Amino acid sequence: SVNAVGGLVGSVYNNGTWLGMLNCTLTGCVNSGAVTGNAHTGGLFGEIYLHQNNACFHINLSDCRNEADVTGNASQSGGFIGFFDGGTVGTDSQKTVSASNCVNLGALKGDGGMKAGFCADFYNWKYEVRIDHFLNMGEIAGNGGQTAGVIVKSDVNVCALDRCVNLGNLVDVKDTSAGIIALGNKNVTVTNSISAGKITRSGEFAENGKLGYIVGNAESIIGTAQESKGENNRHMPLGDASANPFLSSELTAWQDLAQMLNAEYTSHWGNVYFALNNAKDGLLMLPLPELVGVQETKAADGKYSIRLVAVIDSLQYSEVGFRITLQDSATGEVKKSCRTVFETMLACGENGEMTSYTAEELGGKYIYALIVDGLSDTETYVFHVTPYALDISNEETVYSGSSCMVTYANGAYAGGAPVMPEN
């Protein structure tokens with residue numbers, strides 16, 4: 001293994017002679033390859049050194065994902081950034097790091113050092129860090145170091161975390177750790193954030209170590225800065241952590257947490273939703289139902305039918321189907337539904353040959369298909385189609401996938417397009 005290993009970039013380094021402005025913006029980037037290193041290992045960046053005192057920088061990440069495990073066998077490792085040094089001189093607002101709508105799905109592993117879902121260590125203080133709508137789903141192994149769902153340690157003058165969520169377990173923890181941020185030496189603000197991963201200490205836990213649902217060493221954060229605060233945070237009371245003075249209210253039901261996430265958070269993380277796992281003691285993050293195809297029969301006596309095909313990734317439903325509206329029609333919305341899904345389906349080709357398709361080939365684990373019939377082969381139809389599923393434990397909870405416009409003209413498919421959601 002080597003130092004400074006990243007899924008996208010190993011090292012961004014300013015050697016002290018460059019005095020200009022650095023703007024780095026990543027949007028929609030995904031790392032899906034496992035990353036292994038010693039010191040400074042990250043799913044996107046291994047390390048970022050921008051400690052030249054006169055330089056300005058703006059690092060912006062949005063809608064990015066790390067989907068692979070990160071193994072750091074020495075010091076700092078993170079789902080996105082292993083280590084960041086922003087310097088000690090300058091103007092905070094001219095040196096910024098921001099991240100919005102980012103997700104870490106990979107586990108953090110390795111023999112030691114700090115480990116965090118986003119960044120292990122924001123070192124030095126003359127810059128700002130602002131992170132909103134970050135989700136960590138990856139398990140984080142302590143193995144001797146401090147751990148956190150978002151950030152282990154922040155030295156920066158302004159560290160603002162809003163609507164960050166940790167659902168990953170922190171295991172074999174041996175030193176100060178937390179669901180959101182473990183340590184902060186300057187102004188830290190944590191608002192509207194949720195910690196619901198189980199935090200389990202090792203038998204070799206450090207004598208002065210602290211474990212918290214939202215923050216680890218609350219005294220270090222609150223005691224060093226008048227501006228530090230926590231508001232409207234929530235936690236599941238799991239494992240060995242404590243509800244330290246950083247404000248956090250207790251959640252007691254996984255179903256309530258799933259509904260909260262689906263209502264307020266998941267729109268920032270793509271086409272997903274949360275549901276209870278089979279044991280009903282945790283949550284699964286699942287893709288929403290997705291329309292993947294349409295098929296039509298040959299016209300007979302001036303009439304034909306179409307079949308709408310969708311995929312899903314779970315059996316946590318009591319019903320699946322489509323909500324269909326015909327453009328320029330007074331009929332209103334029609335619902336087609338079923339309670340049966342399949343792993344394979346047959347489709348008939350133009351010459352009558354039968355072809356088998358698996359759900360995996362279509363992008364899911366299960367397939368369902370429903371028919372709209374009685375269409376005239378001399379008319380044009382524009383359908384607004386939305387796949388949906390009902391929660392198996394509460395049929396009032398509806399999970400709706402992305403909507404599409406599907407057009408047929410004179411008995412033939414004439415095109416389809418996604419429907420953009422209304423603001």
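**Exercise 1. Which strand does S177 lie in, and what surrounds this residue?**

Keep in mind that you're working with a predicted model.

*Step 1.* Start with the secondary structure: S177 belongs to strand β26, which covers residues 177-178.

*Step 2.* Now check the accessibility. S177 has 0% relative accessibility, so it counts as buried; the cut-off for buried is under 20%.

*Step 3.* Look at the side chain next. It gets to 2.9 Å from the backbone oxygen of D175.

*Step 4.* Finally, list the contacts beyond four places in sequence. S177 touches G145, Q146, T147, L170, A182, K210, L211, G212 and G216.

**Exercise 2. Do the same for S154: find its strand, its burial and its partners.**

*Step 1.* Strand β22 spans residues 151-154, and S154 lies in it.

*Step 2.* Is S154 buried or exposed? Its relative accessibility is 0%, so S154 counts as buried.

*Step 3.* For the side chain, pick out a polar atom of S154: the backbone nitrogen of V156 sits 3.5 Å from it.

*Step 4.* Skip the neighbours within four places in sequence, and S154 is in contact with F122, C159, I181, L183, G184, N185 and K186. Hang on to C159 from that list; we'll pick it up in the next one.

**Exercise 3. Work out how many disulfides the model has, using C29 and C159 as test cases.**

*Step 1.* Recall what we're after: a disulfide is a covalent bond between the sulfur atoms of two cysteines. The cut-off is a sulfur pair within 2.5 Å.

*Step 2.* Try C29. The closest cysteine sulfur is in C64, at 4.6 Å from that of C29, so the pair is too far apart for a bond.

*Step 3.* Try C159. The nearest cysteine sulfur belongs to C164 and is 8.8 Å away, and C159 is in no disulfide.

*Step 4.* Tally up: the count comes to 0 disulfides.

*Step 5.* As an extra, compare the surroundings. C29 has a relative accessible area of 22%, so it's partly exposed, while C159 is buried at 1%.

**Exercise 4. Find the cavities and describe the lining of the largest one.**

*Step 1.* Search the whole structure, and you get 2 cavities of 30 Å³ or more.

*Step 2.* How much space lies in the largest cavity? About 40 Å³.

*Step 3.* Next, read off the lining of the largest cavity: A275, L276, K280, Q316, D391, I392 and S393.

*Step 4.* Sort those lining residues by type, and you end up with 3 nonpolar, 2 polar and 2 charged.

Notes
Residues are numbered from 1 along each chain as its sequence is written. This is a predicted model: local features need pLDDT of at least 70, side-chain atom pairs count only at pLDDT 80 or more; totals for chains, interfaces and linings use all residues. Side-chain values use heavy atoms; hydrogens and water are left out. Helices (H or I, at least four residues) and strands (E, at least two) are DSSP runs, numbered from the N terminus. Buried means under 20% relative accessible area, exposed over 50%, partly exposed in between (1.4 Å probe, protein chains only). A polar contact is a pair of N or O atoms within 3.5 Å; within protein, one must be able to donate a hydrogen and the other to accept it, and residues adjacent in sequence count only if both atoms are side-chain atoms. Contact means heavy atoms within 4.5 Å. On a 1 Å grid over the protein atoms alone, a cavity is a set of points where a 1.4 Å probe fits but cannot get out, and a pocket is an open set with protein on both sides within 12 Å along at least five of seven lines; lining residues have an atom within 4 Å of a point. Grid points are joined across faces, edges and corners, and a volume is the space filled by probe spheres set on the points. Ala, Val, Leu, Ile, Met, Phe, Trp, Tyr, Cys and Pro count as nonpolar, Asp, Glu, Lys and Arg as charged, and the others, Gly among them, as polar.
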